[in-house]
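Me: Hi! I've got a protein model open and I'd like to talk it through with you. Can we start with charged pairs?

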Amino acid sequence: MKKFIGFALIMLLFGLTRPVCFAQEEKPIFTVVEKMPCYPGGDSARIKFLAENIVYPQAAKEKGIQGVVYISFVIDEKGQVEDVRVLRGIGGGCDEEAMRIVKLMPNWIPGKSDGKNVRVQFNMPIRFTLTSENKDSAK
């Protein structure tokens, strides 16, 4: 009887307790697809949006920091921007500003593979250049 109780206890502890996984299956992220994601209105509209909404960081102005911040993000199946990251930054608050502006972008036209909307990784350079206007306002 003791063997049976011991065996039953072992079965109860190890046989009936299974880990439960609630994680959802991640959909793949593509880098190249038949139809790449597109900003609504095209590249000229995207450039206009960036130019109108970027605020040159004060710390970068004061230190004379200029250059290109490389941003990576994913356009999901609905065209939403997600998973925004800096690939290579220049500091002075420019990296954070580039991420902020990318997160502000409206939904894109999603990329397609085999006729279906898919998640696509997109890399984009954002150039920070001081003009005489920017340099004067830093003083």
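Me: Where do E52 and K48 lie?

Reply: Both E52 and K48 lie in helix α2, 4 residues apart, which is about one turn of the helix. Their side chains meet in a salt bridge, at 4.0 Å from N to O. Keep in mind that this is a predicted model.

Me: Ok, and why would two side chains like that pair up at all?

Reply: Side chains of opposite charge can pair when their charged atoms come close.

Me: Is E52 buried or exposed?

Reply: E52 counts as exposed, because its relative accessibility is 56% and the cut-off for exposed is over 50%.

Me: How many salt bridges are there in the structure?

Reply: The structure holds 6. Another one of them joins the side chains of D43 and R46, at 3.2 Å from N to O. D43 and R46 are also both in helix α2, here 3 residues apart, again about one turn of the helix.

Me: Tell me about R46. Buried or exposed?

Reply: R46 counts as buried, since its relative accessibility is 12% and buried means under 20%.

Me: What is R46 in contact with, leaving aside neighbours within four places in sequence?

Reply: R46 is in contact with Y39, W108 and M124. R46 also helps to line the largest pocket.

Me: Oh, let's switch to that pocket. How is empty space found in the first place?

Reply: Rolling a probe the size of a water molecule over the atoms shows where empty space is left.

Me: And how much space lies in the largest pocket?

Reply: About 220 Å³. Which elements give two or more residues to the lining of that pocket? They are α2 and β5.

Me: Which residues line the largest pocket?

Reply: The lining is made up of R46, I47, L50, A51, I54, Y56, P125, I126, R127, F128 and T129. Sorted by class, that gives 8 nonpolar, 1 polar and 2 charged residues.

Me: Nice. New topic: which residues of helix α4 are buried?

Reply: Helix α4 covers residues 94–104, and its buried residues are C94, D95, E97, A98, I101 and V102. Seen down the axis of α4, these buried residues fall within an arc of 165°, so they line one face of the helix.

Me: What about the other side of α4?

Reply: There you'll find E96 and K103, which are exposed.

Me: And what covers the buried residues of α4?

Reply: The cover includes the helices α2 (42–53) and α3 (58–63), along with the strands β2 (67–75), β3 (81–88) and β5 (116–128).

Me: E97 was on the buried list. What does E97 form a salt bridge with?

Reply: With R100; their closest N and O atoms are 2.6 Å apart. Both residues lie in helix α4, 3 residues apart. E97 is buried, with a relative accessible area of 9%, whereas R100 is partly exposed at 35%.

Me: Last one: what does N53 touch, not counting residues up to four places away in sequence?

Reply: N53 touches E97 and R100, the pair we just discussed, and also I101. N53 itself lies in helix α2 and is partly exposed, with a relative accessible area of 28%.

Me: How are N53 and L104 placed?

Reply: N53 and L104 are 51 residues apart along the chain, and 9.0 Å separates their C-alpha atoms.

Technical notes. Residues numbered from 1 in each chain as written. Predicted model: local features only at pLDDT ≥ 70, side-chain atom pairs only at ≥ 80, totals over all residues. Heavy atoms only, no water. Buried < 20%, exposed > 50% of the residue type's maximum accessible area, 1.4 Å probe, protein only. Arc of directions from axis to C-beta. Contact = heavy atoms within 4.5 Å. 1 Å grid on protein atoms, 1.4 Å probe; cavity = no way out; pocket = protein on both sides within 12 Å on 5 of 7 lines; lining within 4 Å. Points joined across faces, edges and corners; volume = space filled by probe spheres on them. Nonpolar A, V, L, I, M, F, W, Y, C, P; charged D, E, K, R; others polar.
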